[in-house]
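Biologist: I'd like to go through this model with you and hear the reasoning behind the labels. Can we take it one at a time?

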Amino acid sequence: MKKKLIASLLTGLLIVGALPVGASAEWKQDNTGWWYSDWDSWYTGWKEIDGKWYYFDYNGYMSHDTTIDGYQLGSDGARIEKVYQVGEKWIVNGQWEFTINSVETTKDRNQFSKKNPEQVVIVNYSYKNLGYSSSYMNLFFSDFTVIDEKGEVAEQYPANITNYPKETPVGASCSMAQDAYGLSNKSSTITIQVEKYTSDSTRKEKAIFKVPVK
């Protein structure tokens, strides 16, 4: 194709992975499909654009109506974010396996805290390192975005938890971890957003859990 030939002559290389986005970055289309261009180059692999994730094949064309790395892509190419339930595993291939096991209300209050939440909940979760390897630290999950039934974002609360999250090397698991959050509104169901960059820092993965509160 003409655009590929010009790009090849200018770069001499097949671009692999995401390139820095410049002011000229934009969507383009031809008879084959859509691609995302930055001057004379294009993107391949996963790329977050305007808050949505897309996958571009080795020629730079956007994939759609298919499943890549376990993620379903819609007709517009955007990744369809699944809502996970209690006990359901969020698996990022070659990186991690993460599960919310339960969420329980606690009457525990910290006398030294100035916070006065309507409800305090303990999030019980577990994770396994499937291949996350970083020079900074081993796999570690904590500090989620917790949203109550009225849409208010909760804050972490210094409750008396017994199982703290631990750094977990490749092949190992943290089977019992806890975080406490103070809710502004009493809720029977909460939404938990979990985000983490892959170990090579090329993309941030996100999962949404909607779970009942015991």
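Biologist: What makes the link between the side chains of Gln119 and Thr105 a polar contact?

Modeller: Bear in mind that this is a predicted model. The side chains of Gln119 and Thr105 come together at 2.9 Å. The cut-off for a pair of N or O atoms is 3.5 Å, with one able to donate a hydrogen and the other to accept it, so the pair at 2.9 Å counts as a polar contact.

Biologist: Is Gln119 buried or exposed, and how do you know?

Modeller: Gln119 has a relative accessibility of 5%. Buried means under 20%, so Gln119 goes down as buried.

Biologist: Which residues is Gln119 in contact with, leaving aside neighbours within four places in sequence?

Modeller: Thr105 is on that list, along with Arg109, Tyr181, Gly182, Leu183, Asn185, Lys186, Ser187 and Val213.

Biologist: Where is Gln119 found, and what does that strand pair with?

Modeller: Gln119 belongs to strand 11, residues 119-129. Strand 11 pairs with strand 14 (residues 173-183) in the antiparallel sense, over 9 bridges. Two bridges are enough for a pair, so 9 bridges make strands 11 and 14 partners. One of the facing pairs is Val120 opposite Gly182 in strand 14.

Biologist: What order do the strands take in that open sheet of 5 strands, and which are the edge strands?

Modeller: The order is 9-10-11-14-13, with antiparallel pairing. Strand 9 (89-92) and strand 13 (155-156) are the edges, each pairing on one side only.

Biologist: And the open sheet of 4 strands: why is its pairing called mixed?

Modeller: Its order is 8-16-15-12. Strand 8 pairs with strand 16 (residues 204-212) in the parallel sense. Strands 15 and 16, on the other hand, are antiparallel, and strands 12 and 15 run antiparallel too. Strands may pair in either sense, and with both senses turning up here, the pairing is mixed.

Biologist: How do you know that strand 8 and strand 16 pair?

Modeller: They share 2 bridges. At least two are needed, so strands 8 and 16 qualify. Val83 has Ile208 in strand 16 as its bridge partner.

Biologist: Why are strand 8 and strand 12 said to stand at the edges?

Modeller: Strand 8 (83-84) and strand 12 (145-147) each have a single partner strand, so one side of each has no neighbour in the sheet. For strand 12 the link to strand 15 is made by 3 bridges, and Val146 stands opposite Ile192 there.

Biologist: What makes strand 15 two-faced?

Modeller: In a regular strand the side chains alternate between the two faces of the sheet. In strand 15 (residues 189-197), the covered face has Ile190, Ile192, Val194 and Lys196, while Thr189, Thr191, Gln193, Glu195 and Tyr197 are on the uncovered one. Thr189 stands opposite Pro212 in strand 16.

Biologist: What is unusual about the phi of Ser201?

Modeller: Most residues other than glycine have a negative phi. Ser201 has a positive one, about 65°, without being a glycine. Ser201 sits in the turn of the hairpin formed by strands 15 and 16, which has 6 residues between the strands. Its relative accessible area is 53%; exposed means over 50%, so Ser201 is exposed.

Biologist: Where is Asp65, and why is Asp65 called exposed?

Modeller: Asp65 is in the loop between strand 5 (52-56) and strand 6 (66-68). Its relative accessibility is 52%, over the 50% cut-off, so Asp65 counts as exposed. Asp65 is also a non-glycine with a positive phi, about 50°.

Technical notes:
Residues numbered from 1 in each chain as written. Predicted model: local features only at pLDDT ≥ 70, side-chain atom pairs only at ≥ 80, totals over all residues. Heavy atoms only, no water. Buried < 20%, exposed > 50% of the residue type's maximum accessible area, 1.4 Å probe, protein only. Contact = heavy atoms within 4.5 Å.
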